[in-house]
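Let's take a walk through this structure together, one element at a time. Have the sequence and the 3D view ready as you read.

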Amino acid sequence: MKRIGVFTSGGDAPGMNACIRAVVRTALYYKMEVFGIHRGYSGMIRGDIVPMVSHDVSSILQLGGTILQSARSEKFRTPAGRKRAFNQLKKFGIEGLVAIGGDGTFSGASVFAAEFPISIVGVPGTIDNDLYGSDFTLGFDTAVNTAMTCIDNIKDTANSHNRLFFVEVMGRDAGFIALRSGIASGAEAVLIPEKKTNVDELIKLLAKNYKRKKSSSIVVVAEGEETGGAFEIAD
């Protein structure tokens, strides 16, 4: 294999640029040509593909987002769209791909590799940390630390006003960010989609803290997690 392409797809995640840099410079070290595919599968279909050299990835380690940009592509979901994407790769002589993204990116890559003779390596880049086989996906650590900083800051206000705060973080289908940031910041409770919330037990816990004159309470909630209804803690 002499020519490979690298692209980012779906939501951007911290660390994607560092990964792009590693891919480009490692490939060049092994005397391979590298092409950057802009805007994920959408750019692949349009032929938005450019050769990359070492200088192209200089000074990007500290940058957020992705220098290759990202997008979601409805056309790639169709056989015709995938056929066009493969034909574009053939024009550039690209024999393999490095796909940096999450579950949607890998699902598309799996279908693509099954339909056409193209080798694909996937690098998990998603703050949700919800890809099997990887302890930490790109962006997860940054997301947890960012959530912790926010929780620590809001706790100051909670302590000053004797308040209860519910802090929502990303994780509609996976509670890794909520769980890790909640534990690290000393939250009273963490609500995650993997476990059904017992509202009565949550009320008891918060009421107990209130009676102990605890100055504040923090509950971390994964995005979209249902508690089963509204509730209040009596004075």
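**Starting from one helix**

On one side of helix α3, Pro79, Ala80, Lys90 and Lys91 are exposed. Its buried residues, on the other side, are Gly81, Arg82, Ala85, Phe86, Gln88 and Leu89. How are these buried residues arranged when you look down the axis of α3? They fall within an arc of 155 degrees, so they line one face of the helix.

Before going further, please keep in mind that you are looking at a predicted model.

What does that buried face of α3 pack against? Its partners are the strands β2 (33-37), β3 (49-52) and β4 (96-101), together with the helices α2 (40-46) and α4 (103-115). The length of α3 can be checked too: it has 13 residues, 79-91, and at 1.5 Å a residue these should span 18 Å. The end C-alpha atoms of α3 are 19 Å apart, which agrees with that expectation. After α3 comes Gly93, a residue with a positive phi, near 70 degrees.

Now let's move along the chain to a sheet. Here 3 strands form an open sheet in the order β6-β8-β7, and their pairing is parallel. The edges are taken by β6 (164-169) and β7 (189-191), each of which pairs on one side only. From one strand to the next, the twist averages 20 degrees.

If you look at the β7 edge, you will find 3 bridges joining β7 to β8 (residues 217-222), with the two strands running parallel. Within this part of the sheet, Leu191 stands opposite Val221 in β8.

Which helices lie across these strands? One is α6 (residues 176-185), which lies across β6, β7 and β8 and runs at about 160 degrees to β8. Another is α7 (residues 199-211), which also lies across β6, β7 and β8, in this case at about 155 degrees to β8.

Finally, step back to view the whole protein, with its 7 helices and 8 strands. What are the dimensions of its C-alpha trace along the principal axes? The trace spans about 70 × 35 × 25 Å. The radius of gyration is 22 Å, whereas a compact globule of 235 residues would have one near 18 Å. Of the 235 residues, 43% are buried. Among contacts with a separation of 6 or more, 71% come from residues 24 or more positions apart.

Terms used: Residues numbered from 1 in each chain as written. Predicted model: local features only at pLDDT ≥ 70, side-chain atom pairs only at ≥ 80, totals over all residues. Heavy atoms only, no water. Pairing = 2+ DSSP bridges. Helix = DSSP H or I, 4+ residues; strand = E, 2+ residues; numbered from the N terminus. Axes fitted to C-alpha atoms, helices over the stretch in contact; angles between N-to-C directions. Contact = heavy atoms within 4.5 Å. Expected span 1.5 Å × (residues − 1). Buried < 20%, exposed > 50% of the residue type's maximum accessible area, 1.4 Å probe, protein only. Arc of directions from axis to C-beta. Rg over C-alpha atoms; globule rule 2.2 N^0.38 Å.
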